[in-house]
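Student: Could you take me through one part of this structure slowly? I would like a close look at a single chain and how it sits against its partner.

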Amino acid sequence: MSENLHLLTVEEASAGLVAGHFTSVELTKACLAQIEKLDGKVNAFVRVEADLARRQAVESDARRAAGKALGPLDGIPYNLKDVYATKDSPTTASSHILEDWQAPYDATVYRKLCEAGAVLLGKTNTDEFTMGGSTENSYYGVTRNPWNLERVAGGSSGGPAASMAAHFGMFAIGTDTGGSIRQPAGFCGVTGLRPTYGRVSRFGELPMASSFDQTGVLAKTVRDAAMVLEVISGVDPLDATSSPEPVKPYLSLLKDNEKPLKGVRVGVAAEFFGEGVDPRCEQLVREGIEVLKAQGAEIVEVSLPHLRYAIAAYYILVPAEVSSNMARYDGIHFGQSIERNDPKAGTSLNDVYSKTRGEYLGAEVKRRIILGAHVLSSGYYDQYYNEAERVRTVIAQEFAETFEKVDVLAAPVSPAVAFKIGEKVSDPLAMYKEDVLTVPVNVGVISGLSVPCGFVDGMPVGLQLMAGKFREEEILKVGAAYQQVTEWHKQPAPLLNQ
Amino acid sequence: MSELTSDHISHLAHLSRLELSSEEQERFASQLTGIVGYVEQLSEVDTSKVKQPLGVTGMTNVLAADVVRGEDDPRTVARDSLLAGAPAREGAFIEVRAVLGEEVTGA
């Protein structure tokens, strides 16, 4: 029975636990064995917490035996992107500066998952402080794509995405500031949900850009993502930006009938299919849209003329927020410091700051700190930062108007499939442009979902679905209806056959 | 298109308290010149109608209840566990190098 338990979805595993077909300990062991077998090749995990996972699984089984199971996620193994503070396990943000850092408190997301009984398998890889689109900026090594180990898994949530493709657990929690859930999900052929800003508490989530960061879910199916979203969402007194908007019963809102998308208007905007999008990817996405039509949806042509400016606004506002957020890594309060490791390297307080940061922060983090300092400096502030805020407002209004005419938008996730490791590391602007189709969601304060829709050159392609503010149920409904009649999300990565 | 010089990068690095090697300064000068040149396309957008920039949450004045959390509240963080992360401390204090006079002696 315990054979291949790691291949199950959350929904299947949850039903199996309820029916008593297997225990959480058996399920957890199967996931740990899969990690042991394949993560040497993938490097999805920064840290595997086998003992913690076994302990949480034992507790889950005891609760269930006593008739006190906590809900659908009780006993389900998952991982956290390594940017969530947890008292049970160190948190590094894949940075040298937080090597061995032990958080003194728990992120709200982790607390909620503990209260739901889920089993933490460990912390997964990301670009340092989530800055990047390939996981190549991790101090702990690149994460490899289970579909082709020579290619990136995407990023910044490359570890969580690869962990789903390699079946290292049932779901993963990641962050998406400019596409960091949807892009790696697309690259790895898994499902990635980026809810609206404020839907999930960010308390204890190490920040990159505070007006963009949002926690979401990577999973094997849309239905699983809906189940997890329901558990992690909601207002939190510890995060003033979390929304009091009521949490919806996302899973039970999904219909499973003949024409599930009858009455649903799916918008298609030419601006998402512009120059630079691989025509083979475009073709698959357009075929995906035909599937939605066959499921009952009405396809509506729309236009978002300012979409093309989203990436420029994003790469002003985000570095500005980065330069401010990264100030906390000062060699004084916590984390690695020359004061601890090499006190003779500096003579003054300024030396402790600047030498610690120079030594322990990586290239992309430094680049964004400097870029942010530039766009915020006097003389440039209005030209860059304020202007980008105004453009952000224009784009958000354009989305709001569009979502009066349609329920969801459909588009590609990325211009092309996963690129080769090393291909873009020396060209930051080329790397930034990878985000061109995902950042509009973050700039426009809406929600987005990535679902697998086919393959180009043996690599997965993602279909992106977007919905208005706090309308996650719309993209979940369309995504679930899509997966009801397609098999792309069930295809095993070649690594699994080894 | 504005060009960022290595000297300007050096100035920004000082303001950011971030030590960069001269190689990093030159590399960033060239890379950031490209990035800034790209983002300058924003000047094409007519933003004259935007009265007030977007507030991303749409909420105002989110206030926390003015109550002290007890030590047994799971959200309470003990002082010692917070201080434990500091590289240098003396008792309940974080120890830092002399601040006053630094601009004179440390320059």
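Student: How many helices and strands are there in chain B?

Tutor: Happy to help! A word on the ground rules: this is a predicted model, in which local features need pLDDT of at least 70, side-chain atom pairs count only at pLDDT 80 or more, and totals for chains, interfaces and linings use all residues. Residues are numbered from 1 along each chain as its sequence is written, while chains are lettered from A and ligands numbered from 1 in the order in which they are written.

Chain B has four helices and two strands. Here helices (H or I, at least four residues) and strands (E, at least two) are DSSP runs, numbered from the N terminus. Following the sequence of chain B, you meet them in the pattern α-α-α-β-β-α.

Now look at the overall form of chain B. Its C-alpha trace spans about 55 × 45 × 25 Å along the principal axes. The radius of gyration of chain B is 23 Å, whereas a compact globule of 107 residues would have one near 13 Å. That radius is taken over C-alpha atoms, and the globule rule is 2.2 Å times the number of residues to the power 0.38. Of the 107 residues in chain B, 18% are buried. A residue is buried if 20 or more other C-beta atoms, placed from the backbone, lie within 10 Å of its own; it is exposed if there are 12 or fewer, and partly exposed in between.

Next, turn to the partner. In chain B, 43 residues are in contact with 55 residues of chain A, where contact puts the C-beta atoms, placed from the backbone, of two residues within 7 Å. On the side of chain B that touches chain A, α1 (6-15), α2 (22-39) and α3 (79-83) of chain B each supply at least two residues. The largest share, eight residues, comes from α2(B). By type, the residues of this side are 28 nonpolar, nine polar and six charged. In this grouping Ala, Val, Leu, Ile, Met, Phe, Trp, Tyr, Cys and Pro count as nonpolar, Asp, Glu, Lys and Arg as charged, and the others, Gly among them, as polar.

For contrast, glance across at helix α5 (residues 158-165) of chain A, which is mostly covered: eight of its eight residues are buried. Among them are G158(A), P160(A) and M164(A). Just after α5(A), H167(A) takes a positive phi of about 60°.
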